[in-house]
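Please find below my notes on this model, written as numbered points so that each can be checked against the structure.

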Amino acid sequence: MTVLVTVAAVLLLVPAGLVAGTVARHALTSTEWREVRQQSAVTARAVRSGTITTIVEPRVAGVDLVQVVAPGHHVIASSHAIRGLPPLTDVWPGVRHPRKDLQVCAHSHMGCLRLSAMRVRSSPDSPVVYAGRRAPGVLSTGFFDSLFGIQVVSLIALASLATWKITGQTLEPVEAIRAELASINVKDMSNRVPEPDGADEIAKLARAINSTLDRLEQAKCRLQTAFDQQRQFTSDASHELRTPIAGLRTQLEEAQLHPDETDLHEVLDRALSDVDRLEAITTDLLLLARVGVNHPATLERLDLAELVRTEVSRRSDRLTVHLRLDPGAIVNAVRAQVLRVLTNLLDNAQRHARHAVWTEVRHNGGKAELSVMDDGDGIAEVDRERVFQRFTRLDSARSRDHGGTGLGLAIAREIAHAHCGTLDVEESPTGGSRFVLRLPLAMPLPDEI
């Protein structure tokens, strides 16, 4: 940048300096010629008016050489600077051209002179006025050119230095950003690049980089969380599968070792029970893997109130299910998956309720709410999120005979999220737990508006 600006400054300022020097010298020369002409005119008027004396007092500053010369080149008046000297030149203006400007170098002791010779009158015996000044020498012209040269060089140097400083200050934040980025690694992404003040491009770049780093760190955290959950899930799944497999092996080995003492029907019943548990776990795991892959063709308009009424009517529960259903809660969903959520919630409520279960469907803003409540012991607030984790059983539900696979609520929440909804557990007004499924209401059809 500095070299580029320096070259541009040279290409612009050097010609400009030469032109400016030429114009300035021309203006100075024109001023000098104008001054000697003005002095010659003033002196000629004084001669015509008869007020001239033998000693001429110059009236124009800088013009100190004045002579009045009669025909025959006889000096009749002069200024103090050339008192007693012969005529400054032998040039004699004619009647047709009463004024002549010339530069003479005939006087070695005075150097070159710039003179204006002016005829006083048009008569043949008219005297001539010479007014002049010393012409600038080579040294004076060189000093004048040197002054412009110094100015041009100074401006070029100033432009180069300013460019170097400004560019350095501008790129300093970029270097700081580069150094900070170089120090960031995958293990620690908490560092951020410095953000300069202002709203220029570098400040915007720094903010964009920090925003990207924030997203990368969040993605890393989510990836790490997902990895940890996957590892925990794999560990839990292997443990849950190992238990029925180990029980099944134990029963079969015991029957093999003591065939005479084994009740075949009892062994088969227990083995089938363990197989049922294995099948239930693998079915739930498969369903968890498939949840969220909802093709638009599988979605249909469902009336939650009608769905709940139909499902409850076909169940044979130990406790009565009380219904409070508002009509018109229409959602777009996969019927089988919503039924799975309802079944899981009803089964969970039937396990923990004392006397009855309540199911409600209602509108709440732009959401349809499906609530399942019981009058059991409820769930402590600290455990209300933990119950949705896979293979989680609270102390009151540790029994595998009544606690299910430990995937029911996890499946229900995954289904809710796959339908852009939520599933939460709250305190029930009946004293137990209240599970609430919230799904977006479907847009009404044209004939329903």
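1. In this predicted model, the largest nonpolar core has 41 residues, and the residues with the most contacts inside this core are Leu304 and Val361. Helix α6, which covers residues 335-352, gives the largest share of this core, namely six residues. Apart from this core lies another one, of 12 residues, among them Leu65, Met110, Val128 and Tyr130.

2. Valine 361 deserves a second look, and its neighbours within four places in sequence are left aside here. What remains in contact with valine 361 is Leu304, Ala305, Val308, Arg324, Leu325, Asp326, Ala329, Glu369 and Leu370.

3. Turning to the sheet, five strands form an open sheet in the order β7-β9-β10-β12-β11, and their pairing is mixed. The edge strands, each of which pairs on one side only, are β7 (320-325) and β11 (422-427). On average, and with direction ignored, neighbouring strands of this sheet are turned by 20° against each other.

4. The pairings can be followed strand by strand. Strand β9 (residues 356-364) and strand β10 (residues 367-374) run antiparallel and are joined by eight bridges, and asparagine 364 has lysine 367 in β10 as its bridge partner. Strand β10 also pairs with β12 in the antiparallel sense, over seven bridges, and here lysine 367 stands opposite proline 440 of β12.

5. Strands β11 and β12 run antiparallel as well, joined by six bridges, and the bridge partner of glutamate 427 is serine 433 in β12. The hairpin of these two strands, β11 and β12, has five residues between the strands, and glycine 431 in this hairpin takes a positive phi near 105°. Is strand β12 mostly covered or mostly exposed? Strand β12 is mostly covered, since seven of its eight residues are buried.

6. Two helices should be read together with the sheet. Helix α5 (residues 304-314) lies across β7, β9 and β10, and runs at about 165° to β7. Helix α7 packs on the sheet too, where it touches β11 and β12 (433-440), and the direction of α7 makes about 125° with that of β11.

7. Within helix α7 (residues 408-418), the buried residues are Leu409, Ala410, Ile411, Ala412, Arg413, Ile415 and Ala416. When reading such a list, it helps to recall that an α-helix has 3.6 residues a turn, so residues three or four places apart point the same way. After α7 comes cysteine 420, whose phi is positive, near 60°.

8. How many disulfides does a search of the whole structure find? The search finds one, formed by cysteine 105 and cysteine 112, whose sulfur atoms are 1.9 Å apart. The torsion about the S-S bond of cysteine 105 and cysteine 112 is about 110°, and therefore the disulfide is right-handed.

9. The exposure of the cysteines can be set out one by one. Cysteine 105 has a relative accessible area of 47% and is therefore partly exposed, and cysteine 112, with a relative accessible area of 28%, is partly exposed. Cysteine 221 is partly exposed because its relative accessible area is 44%, whereas cysteine 420 is exposed, with a relative accessible area of 59%. The step from these percentages to the words rests on the cut-offs, because buried means under 20% relative accessible area and exposed means over 50%, with partly exposed in between.

Methods
Residues numbered from 1 in each chain as written. Predicted model: local features only at pLDDT ≥ 70, side-chain atom pairs only at ≥ 80, totals over all residues. Heavy atoms only, no water. Buried < 20%, exposed > 50% of the residue type's maximum accessible area, 1.4 Å probe, protein only. Helix = DSSP H or I, 4+ residues; strand = E, 2+ residues; numbered from the N terminus. Disulfide = S-S within 2.5 Å. Pairing = 2+ DSSP bridges. Axes fitted to C-alpha atoms, helices over the stretch in contact; angles between N-to-C directions. Contact = heavy atoms within 4.5 Å. Core = buried A, V, L, I, M, F, W, Y, C linked by side-chain atoms within 4.5 Å.
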